[in-house]
Amino acid sequence: MMRKKIVAGNWKMNNDLAQTETLLSEIKTQWNKEPQARVIVAPAFTNLYSAFKALRETPIEVAAQNMHQSDSGAFTGEISAAMLKSIGVNTVILGHSERRSHFGETDAVLAEKVETAMKNEMEVIFCVGEELEDRQQGNEFDVIKAQLEKGLFNIKKESWGNVIIAYEPVWAIGTGETASPEQAQDMHAFIRKTVAGSFGEEIADSVSILYGGSVKPGNAKEIFAKEDVDGGLIGGASLKAEDFMAIVQAI
Ligand code: PGA
């Protein structure tokens with residue numbers, strides 16, 4: 001089974017409307033040859049609709065960085081699946097480590113968010129990652145397994161076509177420190193084996209698993225070359241068109 005290669009840019013809380021428009025037009029200008037991958041950008045909520053309109057005629061897709069688990073109601077400051085879908089956004093990043101650590105998103109909350117996304121037929125980029133301490137203590141595989149089982153594995157078999165997994169070791173996010181290609185491969189193979197254990201080989205073989213954590217033009221190629229690495233979730237380097245497009249071409 002051929003898995004989809006994917007490069008996704010997580011812009012986090014960066015870029016206002018004008019900066020979003022500038023960055024997207026730079027990306028479009030630098031789009032030279034057809035990449036062998038799906039390319040996704042995830043701007044802030046306020047810029048999603050503008051991004052959707054700017055990219056409508058291109059193969060570049062737009063994703064949200066988060067959403068709420070409820071359909072609607074008294075949740076001041078939150079955004080629902082229906083709101084995202086109504087502006088053409090069908091993909092959402094869930095469980096990013098910054099959401100987990102700064103905003104208290106637990107595995108249980110993430111399971112609800114995933115369920116809501118599946119119910120609304122949205123695609124999820126589900127993030128998992130261990131802290132430095134976990135790795136120092138040799139617990140990284142247990143931590144990732146628990147995050148997968150508690151946050152993601154409540155879905156039905158039929159929903160897996162709407163799932164992308166991103167492995168993002170917390171110690172490598174925004175730190176300039178990257179997992180070695182071997183460390184990434186080991187964890188990606190483990191994630192795939194864990195999916196296979198619960199949902200079977202066919203699903204495990206078809207799910208795209210992205211690596212995230214200080215991916216740059218200089219290291220993308222060797223990470224993406226690993227068998228179980230199907231692309232990247234890019235933070236800092238996705239804010240510069242030149243770097244982002246170099247990473248897209250690295251795949
Ligand atoms: P980084 O962020 O590329 O800046 O390390 C990755 C992410 O948080 O998705």
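How do the residues of the shell around the ligand divide into nonpolar, polar and charged? Four are nonpolar, seven are polar and two are charged. Keep in mind that this is a predicted model.

Let's start with the ligand. There are 13 residues around it. Those that come nearest are K12, H96, E168, G174 and S214.

Now the polar contacts. Take H96. An N or O atom in the H96 side chain sits 2.7 Å from an oxygen atom of the ligand. Next, G174. Here the backbone supplies the partner: an N or O atom, 2.7 Å from a ligand oxygen. Then G235. A polar backbone atom of G235 is 2.9 Å from an oxygen atom of the ligand. So much for contacts; what about cover? On its own, the ligand has 280 Å² of accessible area, and the protein covers 95% of that.

On to the largest pocket. How much space lies in it? About 420 Å³. The lining has 19 residues. Closest to the centre of this pocket are K12, M13, Q65, R99 and F103. Note K12. We met K12 a moment ago, among the residues that come nearest to the ligand.

Which helix gives the most to the lining? That is helix α4, residues 97–102, with three residues.

And the make-up of that lining? Eight residues are nonpolar, seven are polar and four are charged. Set that beside the ligand shell, with its four nonpolar, seven polar and two charged residues.

That's the picture: a ligand with 95% of its accessible area covered by protein, and a largest pocket of about 420 Å³. Thanks.

Note on methods
Residues numbered from 1 in each chain as written. Predicted model: local features only at pLDDT ≥ 70, side-chain atom pairs only at ≥ 80, totals over all residues. Heavy atoms only, no water. Near = heavy atom within 4 Å. Polar contact = N/O pair within 3.5 Å; in protein donor to acceptor, adjacent residues only side chain to side chain. Areas by Shrake-Rupley, 256 points an atom, 1.4 Å probe, with all protein chains shown as cover. Nonpolar A, V, L, I, M, F, W, Y, C, P; charged D, E, K, R; others polar. 1 Å grid on protein atoms, 1.4 Å probe; cavity = no way out; pocket = protein on both sides within 12 Å on 5 of 7 lines; lining within 4 Å. Points joined across faces, edges and corners; volume = space filled by probe spheres on them. Helix = DSSP H or I, 4+ residues; strand = E, 2+ residues; numbered from the N terminus.
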